[in-house]
Amino acid sequence: MERVEETRNEILETIKSPVLTHEQKIAAMARSADSLLEVLNLPEGLDELLNQPVETSKCICDLYEGHAPVRPRYIIPDYARFLQNGSSFLHLDPPQDLEEAVNALLILYKHVPSITNFPVYLGALDELLEPFVIRTEEELARKLIRMFLIHIDRTITDSFSHANIGPAPTTAGRLILEEEEKLQDAIPNLTMKYDENITPDAFALRGIRTALSCAKPSFANHRMFRDELGEDYVIASCYNGLVLGGGSYTLCRLILGNIARRSAGIDDFMKNQLPYVCEVMASYMDERVRFEVEESGFFENHFLVREGLIRRDRFTAMFGLVGMADCVNILMEKEGFSGCRYGRSVKADDLGVDIMEQICRFNRNHTNPYCEVTDGHFLLHAQVGISTDIGVTPGTRIPVGEEPKEWIDHLRHCARFHKYFTSGTGDIFPVDKTVHKNEAFLLDIIKGAFRENLRYLSFYESDSDVVRVTGYLAKRSEIEKLERGENVLHDTTSLGMGAKQNGKALERRIRS
Amino acid sequence: MKASVNKIIPFSSVDGPGNRTAIFLQGCNFDCRYCHNPETRNMCRVCGECVKQCPAKALSVEDGRIRYNIDACCMCDTCIQICPYGSSPRIRELEPEEVFREVSRQIPYIRGITVSGGECMMYPEFLKDLFLLCRKAGLHTLIDSNGSVPFAGYPELLEASDGVMLDIKAFTKDEHRRVTGADNETVLENAVFLASHGKLEEVRTVVVPELFDAEGTIREASGLLAPYLTAAPIRYKIIAYRPFGVREAYRHYKVPDGHLLESLAEAAREEGFRDVVIV
């Protein structure tokens, strides 16, 4: 009863909130209601690792997915198939021109569920629209794409909604980049898949110009993702590599710093604590996946499945982690090497790599019957943190304020860690505005980084309004509004405010 | 042959196309009023003034030379600000191989290197050897020069170099003397020589409105080089004077406004330059 009373209070607080919009309130209340159910067979030991304060002892976090998952966390519809066939559920014929195509997509977006209740993947917009764009007079195509993008920003009010372009150049891709530069909107999140053997410099430079003005697109290492997930991989949500026509059932994360806190030292961490927490988290994820597949009814009943836009056997699950820096620094201190800081010392970074190797081995040995598309294994994910994280650094990133003086050293550090995270990792670099005069400077860095197996890079100009907070985008001007107590359109703005205040997310070292 | 190296910047976005490692050599035969790194002009005379004033105790005199402890240095720049001779105690004497080793840490993130100064053409043999090493590693090699040393005398260096970024600080002899303290006959000969050999990557002029006639310089220089543009493109970079790093005595000049800079770019275009950049 105590929990019921607590939940009631939570709901009432949500109802009375002066800063949440109507839609944000409805989503929050649904989460509260769902949290009262107890239908999962929870693994032994979970409670002691999960329901703890994040500042000290929480070792596993389920990112508020709820106690009875009603749908997979991330859903990646095959939009090309939709445009090809139309939808009988939505009473839509296949579109014949650009006007009908953007209209059809905007309709489908309203019906794609996810953890945020907004679609986390909007499609490879350049490939989807190009056949229609080339049959349309360019100025009309530009206008339609502009309206399409504005519609997305104002109605899909969550910047985890992610569109892809590239690696090949297209007119549609160019128009999207040109219009985004003018619009200065936080949504959609945008990734350019880049491969130096496929993407011409001119198209990549066009992408960089837009990125410097509005923090998007980010750049994904096409060769690397393709080799790991196949040609039909996509980038969704923050920077998550997933398979088209599938998605991710769930994402839970290890809070590595707190696992280090409960360890006596490196040996105890490696031999006892880390394997134990990994085992409990994997069991918990297995149970969440089982409920979604075997009990929720989602895969039997949802029209996306019935119309072949997603398939159960294309889903996997994401085994996440945060706080590598915290973890390494705590273990170094426990061993009496407090001068060896993560990102600054080879000894500390080597320990980080050892920890990754161990987590990787654990994942290779753990199988789940419903992750066929990824050979029965979960995919590792460097989670970027959430707004309520206090004293938790994102994924394997170097803490803000401790970045190496030289950019090359920072990139070399990234190169040691990016390879582990097939379902996403990334680093963000604000750059000085002098770089604006030399976009090829950033292109050279992207080329070099991707040759060195860095996976995903984001840039923004240090004084631009649209900024990349952790993986998603927000407008500084909107965060400031929220800080003044005014309500704002996008739910991710409040996450941005949290990350700014708790995670120093807007104080990264500026590169030039 | 060793060179005196003032500093190496691993990634530079402002020393030529793309991302490059920029290497600054010590010593210059010009004395430009607006020089923004005046500590690169002269060689250290071991007077010891910086040793006395270093707040981090990172400097000492050993065997008649200044010894610099980079780990103790707090990068406050007191030493270069107080140096009575326009030099720096943080200079290293390095072989081409040693510099190349530091450059190669940046591979594959850089497309090339740019050697600047001071005046790097005071070390032509060093440059040639360094460039040959870089070429072998697939790196693009650029020289950033004031044009005071005749390039015609160094065919092997030019062969190993992808091009020169040349300052034309003023076109008339009198104005050049006022700006730099030196004549510019060789500079202009170099401009034509390099352009006619397809080795002139870029010409640049720093615009200081009260110091010399920038429009005259840009028009004359553009006109002089226009006949060679068909053979190989040349960029004209028009640089606004900024007081950062400039010696106190010359910090009073006004920063040119955008309107003036645009009209100067237009002048270069009228003479036939297609690639004109304002920074």
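These exercises walk through a predicted model with chains A and B.

**Exercise 1. The open sheet of chain A**

Find the strand order of the six-stranded open sheet in chain A, and say which strands stand at its edges.

*Solution.*
Step 1. Read the order across the sheet: 3-4-5-6-13-12. The pairing is mixed.
Step 2. Look at the two ends. Strand 3 (121-124) and strand 12 (427-431) of chain A each have a single partner strand, so one side of each lacks a neighbour in the sheet.
Step 3. Check the twist. On average, neighbouring strands of this sheet are turned by 25° against each other, direction ignored.

**Exercise 2. Strand 13 and its two partners**

In which sense does strand 13 of chain A pair with strand 6 of chain A, and in which sense with strand 12 of chain A?

*Solution.*
Step 1. Start with strand 6 (residues 218-221) of chain A. Strand 6 and strand 13 (residues 456-461) of chain A are antiparallel, with two bridges between them.
Step 2. Find residues that face each other. Ala220(A) has Tyr456(A) as its bridge partner in strand 13. Phe219(A) stands opposite Leu457(A).
Step 3. Turn to strand 12 of chain A. Strands 12 and 13 of chain A run parallel and are joined by five bridges. Here Phe429(A) stands opposite Phe459(A).
Step 4. Trace the connection. From strand 12 of chain A the chain passes through helix 18 (residues 439-451) to strand 13, and this β-α-β crossover is right-handed.

**Exercise 3. Both faces of a strand**

Decide whether the faces of strand 13 of chain A are covered or open.

*Solution.*
Step 1. Recall the rule. In a regular strand, side chains alternate between the two faces of the sheet.
Step 2. Sort the residues. Tyr456(A), Ser458(A) and Tyr460(A) lie on one side. Leu457(A), Phe459(A) and Glu461(A) lie on the other.
Step 3. Check burial. The residues named on both sides are all buried, and both faces are covered.
Step 4. Conclude. Six of the six residues of strand 13 are buried, so the strand is largely enclosed by the rest of the structure.

**Exercise 4. A covered helix**

How many residues of helix 15 of chain A are buried, and what covers them?

*Solution.*
Step 1. Count. Nine of the eleven residues of helix 15 (residues 324-334) of chain A are buried.
Step 2. Name some. Among them are Met324(A), Cys327(A), Ile330(A) and Leu331(A).
Step 3. Find the cover. It includes helix 11 (256-261), helix 12 (266-295), strand 10 (315-322) and helix 16 (346-365) of chain A.
Step 4. Look past the end. Gly336(A) follows helix 15 of chain A and has a positive phi, near 85°.

**Exercise 5. Where the chains meet**

Which helix of chain A supplies the largest share of the side that touches chain B?

*Solution.*
Step 1. Set the scale. The contact involves 17 residues of chain A and 15 residues of chain B.
Step 2. List the helices. Helix 17 (407-417) and helix 18 of chain A each give at least two residues to the side of chain A that touches chain B.
Step 3. Pick the main one. Helix 18 of chain A gives the largest share, seven residues.
Step 4. Sort by type. The side of chain A that touches chain B has eight nonpolar, four polar and five charged residues.

**Exercise 6. Unusual backbone angles**

Locate two cis peptide bonds and two non-glycine residues with positive phi.

*Solution.*
Step 1. Recall the usual case. Most residues other than glycine have a negative phi, and most peptide bonds are trans.
Step 2. Find the cis bonds. One joins Gly166(A) and Pro167(A), with omega about 5°. Another runs from Ile107(B) to Pro108(B), with omega near 10°.
Step 3. Place the prolines. Pro167(A) is in the loop between strand 4 (162-165) and helix 8 (171-183) of chain A. Pro108(B) is in the loop between helix 3 (96-104) and strand 6 (112-116) of chain B.
Step 4. Find the positive phi values. Phi is near 70° at Asn117(A) and near 60° at Met75(B).
Step 5. Judge exposure. Asn117(A) has 17 other C-beta atoms within 10 Å and is partly exposed. Met75(B) has 10 such neighbours inside 10 Å, so Met75(B) counts as exposed.

How values were computed: Residues are numbered from 1 along each chain as its sequence is written. Chains are lettered from A and ligands numbered from 1 in the order in which they are written. This is a predicted model: local features need pLDDT of at least 70, side-chain atom pairs count only at pLDDT 80 or more; totals for chains, interfaces and linings use all residues. Two strands pair if DSSP finds at least two bridges between them. Helices (H or I, at least four residues) and strands (E, at least two) are DSSP runs, numbered from the N terminus. Axes are lines fitted to C-alpha atoms, for helices over the stretch in contact, and angles run from 0 to 180 degrees between N-to-C directions. A residue is buried if 20 or more other C-beta atoms lie within 10 Å of its own, exposed if 12 or fewer, and partly exposed in between; C-beta atoms are placed from the backbone. A crossover is right-handed if, with the strands pointing away from the viewer, the path from the first strand over the helix to the second runs clockwise. Two residues are in contact if their C-beta atoms, placed from the backbone, lie within 7 Å. Ala, Val, Leu, Ile, Met, Phe, Trp, Tyr, Cys and Pro count as nonpolar, Asp, Glu, Lys and Arg as charged, and the others, Gly among them, as polar.
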